[in-house]
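Dear colleague,

Please find below the structure that I am handing over to you, followed by an account of what was found in it.

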Amino acid sequence: TRPERVADEAASRPVPRTMVAERKEVSVLIARVQLMPDAAGVDPQRMDEAVEQVAATIRGEAECLGGTVAASIGPISLVLFGVPEAADDDAERAVHAALTIRDQLTRIADPGEPDGGCTRGVSVQVAVATGEALVRYQPDRSGVPPTVNGALLDECHTLLSDTRAGEIRVCDNTRRSTGFAVTYQHGSPSSGWTVGGFRQEYTALHAVPVIDREYDLDVLRGLLQRSRHQATPHLVTVLGEPGVGKTRFVMEFERRVAANADAVRLVVGRVRPGGGAHPLEALHDLLLACCGILQGDRVETMTAKLNATVRRLKASEEDCRWMLSCLAPLVDPAAAQAPPGEMLTAFREFLGAVAASTPLVLVFEDLHWADQALVDFVENLTASQAGLPIFVIVTAGPELLKRRPEWGEGSLNRLTITLEPISDAAIDRLLEFLMSTTEGGAKNSVGGLLEALLESGGREPDARRHQLRRILASGSASLRYERCSGGGGLSAAAPECTPRLSGHAYG
Ligand SMILES: Nc1ncnc2c1ncn2[C@@H]1O[C@H](COP(=O)(O)OP(=O)(O)OP(=O)(O)O)[C@@H](O)[C@H]1O
Ligand SMILES: [Mg+2]
């Protein structure tokens, strides 16, 4: 399959009337992934499974980083960043996705890995180009994938054809907007540049301690104590603009809960960009975490753990059977589906029973992406749990309130916190801290890198703050990536507050 066919396919798709056509700055990523079965010959069914796994990996990695798969034909996938909304760091997200796609697929194909038997090798080439292009998209991301046309796509194809297996090549535009974060090896403005990896200094820069959130953290801590000691449900909504620090704030709270000796169970359900692969994915996350199910557990193991958990929580045999019949499809796709309403009722009862055994903190991340049914479920959760220590934290962008101006009405003990951008004073203290950090007596590389980065924005205090804010915010995609791809959120596992970039530092 030639890459051009992706463009033809994308261009020939019917354009629904609700699509918006716009020339805008985007980053396009094209990946070509070829599976190389062993000479011994691989069973076609396993080969099909491997192909599906490749597609799912590309989609998962891209979506975690805010990209949208626009087309996928044979070995070629086309992913767009910057549609519908453009962000400052679209190019950086695209390069990050290129790295994780390449690394994940190489790992899947490694025969040393348990799952690697089906493909004894894989050839991955990825190219990224950034610039203006004509894109058509549905502003609300509902269902129909966006399309892209024009010279940018051709440029990306050309880059791809010059890319060797295992390499990632980007255009000069992409290199210029990501050079502060990513190292590049040989290349030229005309032929593109080969990606080395994330700069170690840049990775380190995102490991700064949480600043300027002590009062907000105190509010959560106090409410959790109230919920526990007075056995009463609470719903706290943490609202904020993209990149303001919602995830980091909640992760810091999670870290403190985990570090505390109090018996509290904390589980996280993440709503993926655009709603994810399944509308109830967030509930699936919660169920796995509550039952101690690990990523990679087989269906039988998952079912056994669900059985054991429900039987521990529910005394009556009848209740157990009903709850299991409703929840089983969440872990076993082959199980008979209960009507959706009944499944949600069973899930609510399940969470209540978990909270009755140990105070429960439920985090719903990025609820603005959830569909109606899930938003209703979360909103009504505390109302139905009177007398139980159940503390629900929702993070969301302001669009949640646009969609649901009456959000949370009727919930017990409801509070909304709007996270403000980190204050100038705190940014200045952070600058001072970073500049003065020493390692083994010498100023460390973060200080050095910062100086260079801040110089590039100008010497005025405002310009320096703006630049530091921009660099901090650029960690948001990695944080989401870490959250989406991370394991459960049980209190046993203290969340790492450092973006997972270090695996890519080659340069
Ligand atoms: N209080 C803070 N102290 C230090 N760094 C912070 C703080 N808040 C946020 N950051 C950093 O800023 C970046 C963006 O934060 P975060 O991802 O939490 O924002 P967000 O509001 O969840 O964004 P999104 O809407 O994209 O999910 C991250 O790199 C994070 O580590
Ligand atoms: Mg977030």
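To begin with one residue, N413 is partly exposed, because its relative accessible area is 31% and that value falls between the limits of 20% for buried and 50% for exposed. N413 sits in the loop that runs between α14 (399–403) and β13 (414–418), and its phi is near 45°, which is a positive value in a residue other than glycine. Please keep in mind throughout that this is a predicted model.

D212 shows a comparable set of features: its phi is positive, at about 65°, although D212 is not a glycine. This residue lies in the loop between α6 (200–205) and α7 (214–229), and with a relative accessibility of 32% D212 counts as partly exposed. A further backbone feature is the cis peptide bond that joins V83 and P84, with omega at about 0°, and P84 belongs to the loop between β3 and α3 (90–108). As background to these three places, most residues other than glycine have a negative phi, and most peptide bonds are trans.

The protein as a whole

The protein contains 18 helices and 15 strands, and buried residues account for 52% of its 507 residues. When contacts between residues at least 6 apart in sequence are considered, 74% of them join residues at least 24 apart. The surface that the protein exposes comes to about 22300 Å², of which carbon and sulfur atoms supply 51%.

The surroundings of ligand 1

Where does ligand 1 lie with respect to domain 2 (214–418) and domain 3 (422–490)? Both domains give residues to the shell around ligand 1, and therefore the ligand lies between them. There are 21 residues around ligand 1, and those that come nearest are I211, K246, T247, R248 and R480. Sorted by class, the shell around ligand 1 is made up of 10 nonpolar, six polar and five charged residues. As for secondary structure, α8 (246–259), α17 (461–473) and α18 (476–485) each contribute at least two residues to this shell.

Several backbone atoms come up against the ligand. A polar backbone atom of I211 is 2.6 Å from a nitrogen atom of ligand 1, while a backbone N or O atom of G243 lies 2.8 Å from an oxygen atom of the ligand, and a backbone N or O atom of G245 lies 3.0 Å from an oxygen atom of ligand 1. Taken alone, ligand 1 exposes 620 Å², and the protein buries 96% of that area.

Helix α8, which is among the helices that supply residues to the shell around ligand 1, also holds E254. Is E254 buried or exposed? With a relative accessibility of 4%, E254 counts as buried. The C-alpha atoms of E254 and V361 are separated by 9.2 Å, and these two residues are 107 residues apart along the chain.

Helix α17, another of the helices named for the shell, is preceded by the loop that begins after α16 (445–457), and G458 has its place in this loop. G458 counts as partly exposed, at 23% relative accessibility, and, if its neighbours within four places in sequence are left aside, G458 is in contact with A463 and R464.

Two buried residues elsewhere

T163 is found in the loop between α4 (151–161) and β6 (168–170), and with a relative accessible area of 5% T163 is buried. Its side chain reaches the backbone oxygen of L159 at 2.6 Å, and, not counting residues up to four places away in sequence, T163 touches Q125, V126, I168 and R169.

S77, by contrast with the loop position of T163, is found in strand β3 (residues 76–81). S77 is likewise buried, with a relative accessible area of 6%. Which residues does S77 touch, not counting those up to four places away in sequence? They are L29, I30, A31, I58, A71 and S72.

With kind regards

Definitions and conventions: Residues are numbered from 1 along each chain as its sequence is written. Chains are lettered from A and ligands numbered from 1 in the order in which they are written. This is a predicted model: local features need pLDDT of at least 70, side-chain atom pairs count only at pLDDT 80 or more; totals for chains, interfaces and linings use all residues. Side-chain values use heavy atoms; hydrogens and water are left out. A residue is near a molecule or strand if one of its heavy atoms lies within 4 Å of it. A polar contact is a pair of N or O atoms within 3.5 Å; within protein, one must be able to donate a hydrogen and the other to accept it, and residues adjacent in sequence count only if both atoms are side-chain atoms. Accessible areas come from the Shrake-Rupley method with a 1.4 Å probe; for residues, only the protein chains shown count as cover. Helices (H or I, at least four residues) and strands (E, at least two) are DSSP runs, numbered from the N terminus. Ala, Val, Leu, Ile, Met, Phe, Trp, Tyr, Cys and Pro count as nonpolar, Asp, Glu, Lys and Arg as charged, and the others, Gly among them, as polar. Domain bounds come from an automatic or database domain assignment. Buried means under 20% relative accessible area, exposed over 50%, partly exposed in between (1.4 Å probe, protein chains only). Contact means heavy atoms within 4.5 Å.
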